[in-house]
Structure formats: C-alpha cells, structure tokens
Amino acid sequence: MKIAVIGSGYVGLVAGACFADTGNDVACVDIDEKKIENLKNGILPIYEPGLSDLIERNTQSERLKFTTNLKESVENSEIIFIAVGTPQDEDGSADLSHVLSVAKGIGQHMNCPKIIVDKSTVPVGTAALVTKTIKEYTKHDFEVVSNPEFLKEGAAIDDFLKPDRVVVGVSSERAERTMRELYAPFVRTNNPILVMDVPSAEMTKYAANAMLATRISFMNEVANLCEKVGANIDSVRVGIGTDSRIGMPFLFPGIGYGGSCFPKDVQALIRTAKEHGVDLRVSKSVEEVNFDQKESIVKKIVAHYGNKNITGMTFGVWGLAFKPQTDDVREAPALVVCEQLINLGAKIQAFDPEALETFKIAFGNNPKITYHESNYAAINGADALIICTEWNAFRQPDFNRIKSSLKSPIVFDGRNIFSLNEMKKMGITYYSVGRPTVS
Ligand code: NAD
C-alpha cells in the first residue's frame, strides 16, 4: 500500500518504519525541515532501540522516505496517518491545532478517495472534527478512521510489530478491510484487531492510559503508607499481584509517572468529562497523588538532613529520562527533583545514558547543574546519590566506588533498584519507596 505518515516523532517514525518493513511504500512527513534533513542523512531525532537499523534498512530499499512535501505525499497515498503531537493546552484539554492543521492540508491536496487515520491520541469527537475540516476543502470521498497507538517508548518497535491488540474505530466495511489488511503482518499470533465504532476507539486510548496511571498512583499511595507502618512494598506488591484479578504488571512504586502521555492524557480525559458534566474524581486524585509523589524524594532528602538548610550541598543524580530506554524527558520526575533541590540552594551533578541533551534543553541553562559523561563522574564529591530513572546500567554498580566517591554513603532511590540487604551489607544509608530505611 502507499502510505503517508504525517508527523515524524516517536509514534510517526516507528509506525512509518514498521509499515515500510512489511513491504509498504511509506512517506514520513514533518514540518520540521531540520528534522527531515537529518533523517535523510540517517540522523535520528530520537533515541529508540532498534529504530536506527529499521530506518536504514527501509530507506536503502527505498520503501521509506522522508519529506516536508505534504502535497506530494497526500496525492501519492491511499492511506494517510495523522501522527502529530497533541500536547496539553492551558486548560488541560488536548491541543488539536496540529491535527486540524494537517486535516486542512489533507483536504487541500486530496486528489482521489482516501482513508485518513487518526493515530495521534485525540479526544472523543476528533475524527468528526477532522472529517468536517477536510470536507471544507475537498469534494473527494474519504473516511476518517481512529487507530490509537499503544506503543511504549523504549520498547516501541517491539510493541508496534507485536501489539497486544490493534484498536480500530471505523464507520464502513471498506475502511475495516483496509485496516485489517494493513495490520495483518502484525497480528499473526492471534493478537486481535479490535474493530469498533470511532468514539469507542478514541475513548479506549484515554481509558487505557488513565487505568495504568491509576495503578501507579494507587501503588505509590500504598507504598507511602508502608513506610509509615513498617511494611515493605516489595512483599505487598507480590502479595497482591499474584491475585489473578489484579496481576503483576504496573505495580511498581516510584517517584511518579511522567512522559508525553500519562500526564496529558489523564488531564485531557478529565477535561473531556468536565465538558460533558461528568466529574472524574478517581482520575483527578490520580493526578494529585502523582504530583505529590514527584516531590516525595525531595522531602526525604530535606528530612534526612534534619530539615536544615541544604544550601551549598551537592547531589549526584542518576537518570533524567522519564523512564529507561528513552531520551524523552517530557514531564520527567527528574525535572521536578532537580528544580526543587536547586531552589533549596543545592547543586546538581547529573548523568543519564541517553537523555543528557534533551534534559539540558528542557531544564534550560542553570549554573547550579552540571552534566557528566558517566554515572561515577556525577557523584564525585557529592553529598549523596539520588536515583530518578531505573536504567539497567545502574542496577549493579560498584558500591565501593559509590562509597569512595560520595562525601558520605547516602543513597536516595526513587526507583527501588537496590536490595535492602546489599545496602545494609555495604553500610550505605539507603532511602527507597515503600520500604524500610537502611541506616
Ligand atoms: P512528537 O512530539 O515526538 O512528534 C510529533 C511530530 O509532529 C513532530 O516531529 C512535529 O514536528 C510534527 N508536526 C507537528 N505539526 C505538524 C504538521 N502540521 N505537519 C507535519 N508534522 C507536524 O510526538 P509523539 O510522541 O510521536 O506523539 C504523537 C501522538 O501520538 C500524540 O498524540 C501522542 O499522545 C500519541 N502517542 C504517543 C506515544 C509516545 O510514547 N510518545 C504513545 C502513544 C501515543
């Protein structure tokens, strides 16, 4: 099939490369000329494991190309995916300006019947809005399909090639047939293509993210309570997760969820509900808990030093990305932790395996933060180590080196990556989430 994917970010690039890899002709389109120029030269705008090889293979075989030319891409495609960003607007709702600007462009350049697919995460009613926008500019026949994306950054290729399910919202058999054909190579192990009406597909994406965010905030609340009552969240997590009605995934406590999806999607769902006179109390609390959780590690640090001034102290921070295996720092807890510590007068020495550059841009220039090329360099002479992201490379460090690098052996772990026994054995004062403090 001939496909255009408009928006070459995390979702658009992965979708485009994976569709090309199954034999389709794909044009990845973006308005960012520098991004497209770089992509043409094999320079990727994001870090995503496996993506570079996939792009190289498919550009070489000329199934995948990068362009800023929307007109040509629309004219040459049977299926057009909209995969542009839908960031949070000031009032919490999803900002649809990029989606609707693409819709206008599609309408202006449409030259024959096409299927338009909303891949971006968009509120219920957006497909109707996109339809209305396109109709203002063309008389050609078209249908707007909803096909929300569930990939996880860091495992995006695998998720796209082997999805748990593909959700497709359609209003005609023709569109259903096309989508089934397109996704057939990705559902060969009986993972289902779930065909439903368009509003249900749009709602499914938000409901899924809100449910996952709820599990995280719930576990963070339980973990905070464990700390107060002397319980250990590790045991509690296994204790509840082995109940088949609950299940093990997504039960890890930490210092809050971040990223480009959960925070904005929970907000957007709350906003959609409000517009329909519905008060989503659970989701509102999920948000509040998450906000507080990002600050929880700073509170532990301040309490450890006897609630005294931490001005002039230096903290080594391991992990800046919102989660491992990505360079994405959007809404990352590390942004809050570093900002609050600096506001309290401390200095930060930071390290991340992939997110140093993106963090520098997001955090902005600040003389109180320095960036380092290795995790050990980041703790050299620091008062304590803080862990904000659970990169695998941090899990089995040289604890003796940590001890000799720090002024005193203190670790504040926001991701529970070390065992309490190991910390006790090493004589490290160790704070984690929902587990007894080792001192
Ligand atoms: P992104 O910010 O990484 O990429 C969006 C791209 O769209 C950018 O390159 C931008 O330049 C481009 N763009 C903006 N306006 C454009 C226009 N008018 N024409 C052409 N290109 C334009 O965003 P993303 O993370 O890929 O997310 C895209 C959508 O997918 C969002 O709705 C997001 O919520 C959803 N989503 C994201 C993820 C994820 O893990 N990142 C997962 C599932 C769903």
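A polar contact is a pair of N or O atoms within 3.5 Å, and this cut-off helps in reading the predicted model shown here, in which a ligand is surrounded by 26 residues.

**The ligand and its surroundings**

Of these 26 residues, the ones that come nearest to the ligand are Asp30, Lys35, Thr86, Glu153 and Lys264. For three of them, the table lists how far a polar side-chain atom lies from an atom of the ligand.

| Residue | Ligand atom | Distance |
|---|---|---|
| Lys35 | oxygen | 2.5 Å |
| Thr86 | oxygen | 2.5 Å |
| Glu153 | nitrogen | 2.7 Å |

Taken alone, the ligand would expose 830 Å², but the protein buries 89% of that area. Two elements, α1 (10–21) and α5 (97–109), each give two or more residues to the shell around the ligand, and of the elements it is α5 that gives the most, with three residues. When the residues of the shell are sorted by character, nine are nonpolar, ten are polar and seven are charged.

**The two domains**

The domain assignment of the protein gives domain 1, which covers residues 2–196, and domain 2, which covers residues 234–431. Where does the ligand lie with respect to domain 1 and domain 2? Because both domains give residues to the shell around the ligand, the ligand lies between them.

The C-alpha centres of domain 1 and domain 2 are 33 Å apart, and the two domains also touch each other, with 17 residues of domain 1 in contact with 17 residues of domain 2. Between the domains an area of about 1300 Å² is buried, and carbon and sulfur atoms give 47% of it. On the side of domain 1, the residues that lose the most area to domain 2 are Tyr47, Gln88 and Glu153, which together account for 43% of what that side buries. Glu153 therefore appears in two parts of this picture, since this residue is among those that come nearest to the ligand and, in domain 1, is also among those that lose the most area to domain 2.

How values were computed: Residues are numbered from 1 along each chain as its sequence is written. This is a predicted model: local features need pLDDT of at least 70, side-chain atom pairs count only at pLDDT 80 or more; totals for chains, interfaces and linings use all residues. Side-chain values use heavy atoms; hydrogens and water are left out. A residue is near a molecule or strand if one of its heavy atoms lies within 4 Å of it. A polar contact is a pair of N or O atoms within 3.5 Å; within protein, one must be able to donate a hydrogen and the other to accept it, and residues adjacent in sequence count only if both atoms are side-chain atoms. Accessible areas come from the Shrake-Rupley method with a 1.4 Å probe; for residues, only the protein chains shown count as cover. Helices (H or I, at least four residues) and strands (E, at least two) are DSSP runs, numbered from the N terminus. Ala, Val, Leu, Ile, Met, Phe, Trp, Tyr, Cys and Pro count as nonpolar, Asp, Glu, Lys and Arg as charged, and the others, Gly among them, as polar. Domain bounds come from an automatic or database domain assignment. Contact means heavy atoms within 4.5 Å. Buried area is the accessible area (1.4 Å probe) that two parts lose on being put together, summed over both.
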